[in-house]
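Hello,

Here is the structure I promised to pass on to you. Have a look at it first, and then read my notes below.

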Amino acid sequence: MSSGGLELPPGDSGHEGGPADAAGAAPGGVPAGAVSLAPQATGSVRAGAELDWSAEAWSEVRTRAQRAGRAYIWLNLIEQRLRSVVGAVLRPVYEPVHGGDDWVVAAAGPAGQEWVQRAVAVREVSRRKGYLLDSADDNVLSFLTLPQLRELMVQHWPCFEPYFDDRREIELALDELEVTRNVVSRNRALSRAVLEQAERASARLLEVLGGGAGSPSADRLPIDAVEDLVGDRYADVISVHPDRVRLQRQLPAEDLFGGARRLDAIGIGLNLLVQNFSGRRLVRLTEAGCRVRLLFLNPASSAVKRRERELGLRKGELSRSVEMNILHVRRVRAGLRDPSRFEIHVFDETPRFTAYLVEGQSSGIAVVQSYLRRARGMESPVLVLRGGGRGVPKDADHGLFTTYREEFESVWEDSRPVS
């Protein structure tokens, strides 16, 4: 956050907020999604008039800063990762012969003599003016830019080939990032399409370069660079969706539940699990070591009847749906070698929310929806939460994952098992 109160966007198109997003194209022929601050041509121009910014102009500036800031985080992360890779691979080859920082000059060779000498000069200026705040940056490699690091990789690809399979994939991703880098470095308008392309290329490149989270559970919903930096400002909420349909486009049931080591779910009928994850997959998941606890609303309770009236359903329609879901998971449990790992309970309280708490080897994900009076679960807003684990820089004591975990345990204690 800057001193002016500006903040980075959460990443989806619904939070961009600038006027350039509201219209198909900005004034003056600027492509849709781009922001232009060029002065408008008028018949009479008075001195100093262009110094005044309207609320609309300030909003455009905010949109530009949001996009550029988000892109800069990705570019910075890629540059640091690539610098580390180049140093790890080429330093052992050149440093024993040339020593010190001269190994970078030698690795650049005659073709890169001009830009490497420029990096040496910039380093000396930074030393004299006190710009080197961290002694770890007092080396020539830290002053090479993304294109120069890429050139070192290309020139010495036989050295990198044992570690990376596809040179073309790396080069294509760096080509896509170069467009964004050029725009951000010169503070020009960055369209949403180019930003999204840069984010996809960055995520793919980090995965190729071995800079990902590295755990199967994290791969289901990977932590991006922006979440790492600003995610704790939103507790552990990592995404919000207007309904369950849009949630499942980003996070299908297979990605949510597959590979879980612990699965706790509470709700009226648990349709997200029962209707979108097959019984065979539930059996295999449990046999692989997952512990499952499912908590349904008692289909014979008065709370079901009240919910039917709220939704305008016929009498008994919702209760029969819940009964069918319970019968389905009972059949799944009956097919297990160890049924004790698959527990089914019912509760009689007023349902307040539905939650799926999924924990893997090193991290957890929760999908939570509140019940609205006139909306079915499929139509209700959805929160996606990230639980604690390796690579998750959140304080678990202040997250919503823990809150819903405690609420689940409280209702579970007062519930009754289904035989």
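W103 touches G87, L90, R91, Y94, E95, H98 and L141, leaving out residues up to four places away in sequence; contact here means heavy atoms within 4.5 Å. Its partner L141 is 38 residues from W103 along the chain, and the C-alpha atoms of W103 and L141 are separated by 9.6 Å. W103 sits in helix α3 (residues 102–108). Helices (H or I, at least four residues) and strands (E, at least two) are DSSP runs, numbered from the N terminus. Is W103 buried or exposed? W103 counts as buried, because its relative accessibility is 1%; buried means under 20% relative accessible area, exposed over 50%, and partly exposed in between (1.4 Å probe, protein chains only).

A word on where this comes from: the model is predicted, so local features need pLDDT of at least 70 and side-chain atom pairs count only at pLDDT 80 or more, while totals for chains, interfaces and linings use all residues. Residues are numbered from 1 along each chain as its sequence is written, and side-chain values use heavy atoms, with hydrogens and water left out.

Now the overall picture. The protein chain has 17 helices and eight strands. Of its 419 residues, 43% are buried. Among contacts in the protein chain with a separation of 6 or more, 74% are between residues 24 or more positions apart.

Next, the nonpolar cores. A nonpolar core is a set of buried Ala, Val, Leu, Ile, Met, Phe, Trp, Tyr and Cys residues joined through side-chain atoms within 4.5 Å. The largest one has 53 residues, and F257, L294, F296 and F342 have the most contacts inside it. A second, separate core has 41 residues, including A108, M153, F164 and L190.

M153 leads us to helix α5 (residues 146–155). The buried residues of α5 are L146, Q148, L149, R150, L152 and M153. Among the elements that cover them are α2 (55–98), α3, α4 (113–129), α6 (157–160) and α7.

How do α5 and α7 lie relative to each other? Their axes come within 11 Å and cross at roughly 165°; axes are lines fitted to C-alpha atoms, for helices over the stretch in contact, and angles run from 0 to 180 degrees between N-to-C directions. The two helices are therefore roughly antiparallel, a label for angles over 145 degrees. On the α5 side L146, P147, R150, M153 and V154 take part, meeting R167, I170, E171, L174, D175, E178 and R181 of α7. These residues divide into six nonpolar, no polar and six charged. For this count, Ala, Val, Leu, Ile, Met, Phe, Trp, Tyr, Cys and Pro are nonpolar, Asp, Glu, Lys and Arg are charged, and the others, Gly among them, are polar.

Helix α7 (residues 167–185) also packs with helix α8 (residues 192–208), at an angle of about 145° and with the axes 9 Å apart. The contact involves E169, I170, A173, L174, E176, L177, V179 and T180 of α7, with V194, Q197, A198, A201, S202, R204, L205 and V208 of α8. Ten of the contact residues are nonpolar, three polar and three charged.

One last residue to look up is I326, in helix α16 (residues 317–334). I326 is buried, with a relative accessible area of 8%. Leaving aside neighbours within four places in sequence, I326 is in contact with F296, P299, V346 and V418.

Best wishes

Note on methods:
Parallel < 35°, antiparallel > 145°, perpendicular 65-115°, else oblique.
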